Amino acid sequence: MPHFKPKSLATLLVALFSSGLLMPAVSQEDFETELLWVAKVTIANRIEVGESKHGLRRIVPITGGNFAGPGIKGRVLPVGADWQLVRPDGTTELHARYLMQTEDGYVIQIINQVLSRSDNNGGSYRRSVIDLEAPINSPYEHLNDYVFLGTLDVPTRLEEGESPYVIISVYRLL
């Protein structure tokens, strides 16, 4: 391999992977997920902040909702918001921070970072990395020790009188 000085660790790793000298320790087939819960999160009208040097900024307040999964259920507290950036290329970066309360009274903080974009065929890609923070010495403390991935679905139609909402599915990466 020719001698060169990488500008960063990332540059070095890309060079090593590209050359075949470094192989990933885990293959894609090694990733498994387990559904943790599905949440219906109600939202308020979007607040347009305006154009910034990075793109269009907007905020979507989180007003409540509920969630349920194997061994866990509760409500989404009316606290938090989804801070969005619509990039010049049309892709939207979402950074949501909110709280959920289990039916036995424990509060879990959610930080959900989503990448959302439409494809040329009318479909969409909405995937996220989710950080959960559960109380120590609670039945949910184990949630502090995993990586979580998610999906975001936006309904195309609402029933008459129904509040706007999104569906967030959360998966534990095993």
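Among contacts in the protein chain between residues at least 6 apart in sequence, what percentage join residues at least 24 apart? The share is 44%. Keep in mind that this is a predicted model. Now let's work through some exercises together.

**Exercise 1.** Describe the order of helices and strands in the protein chain.

*Solution.* Begin with the count: the chain has one helix and nine strands. Next, walk from the N terminus, where the order reads α-β-β-β-β-β-β-β-β-β.

**Exercise 2.** Find the largest nonpolar core and the elements that build it.

*Solution.* Start with its membership: this core holds 25 residues. Then look for those with the most contacts inside it, which are Trp37, Tyr98, Ile108, Ile110, Leu132 and Leu143. Elements that give two or more residues to the core include β1 (33-43), β5 (92-102) and β9 (165-173). Finally, zoom in on tyrosine 98: beyond its neighbours within four places in sequence, its contacts include Ile62, Val76, Ile108, Ile110 and Ile168. As background, nonpolar side chains in soluble globular proteins tend to be buried together.

**Exercise 3.** Decide whether valine 147 is buried, partly exposed or exposed, and place it on the surface.

*Solution.* First locate valine 147, which lies in strand β8 (residues 147-153). Its relative accessibility is 45%. Partly exposed covers values between the buried limit of 20% and the exposed limit of 50%, so valine 147 counts as partly exposed. Last, look at its partners: Val147 joins Val129 and Leu149 in a nonpolar surface patch, and together the three have about 220 Å² of accessible area.

**Exercise 4.** State how much of the chain is buried and how much area it exposes.

*Solution.* Of the 174 residues, 31% are buried. The chain exposes about 11,400 Å², with 53% supplied by carbon and sulfur atoms.

Note on methods. Residues numbered from 1 in each chain as written. Predicted model: local features only at pLDDT ≥ 70, side-chain atom pairs only at ≥ 80, totals over all residues. Heavy atoms only, no water. Patch = residues over 30% accessible without salt bridge, like charges linked within 9 Å, V, L, I, M, F, W, Y side chains within 5 Å. Areas by Shrake-Rupley, 256 points an atom, 1.4 Å probe, with all protein chains shown as cover. Salt bridge = Lys/Arg side-chain N within 4 Å of Asp/Glu carboxyl O. Helix = DSSP H or I, 4+ residues; strand = E, 2+ residues; numbered from the N terminus. Buried < 20%, exposed > 50% of the residue type's maximum accessible area, 1.4 Å probe, protein only. Core = buried A, V, L, I, M, F, W, Y, C linked by side-chain atoms within 4.5 Å. Contact = heavy atoms within 4.5 Å.
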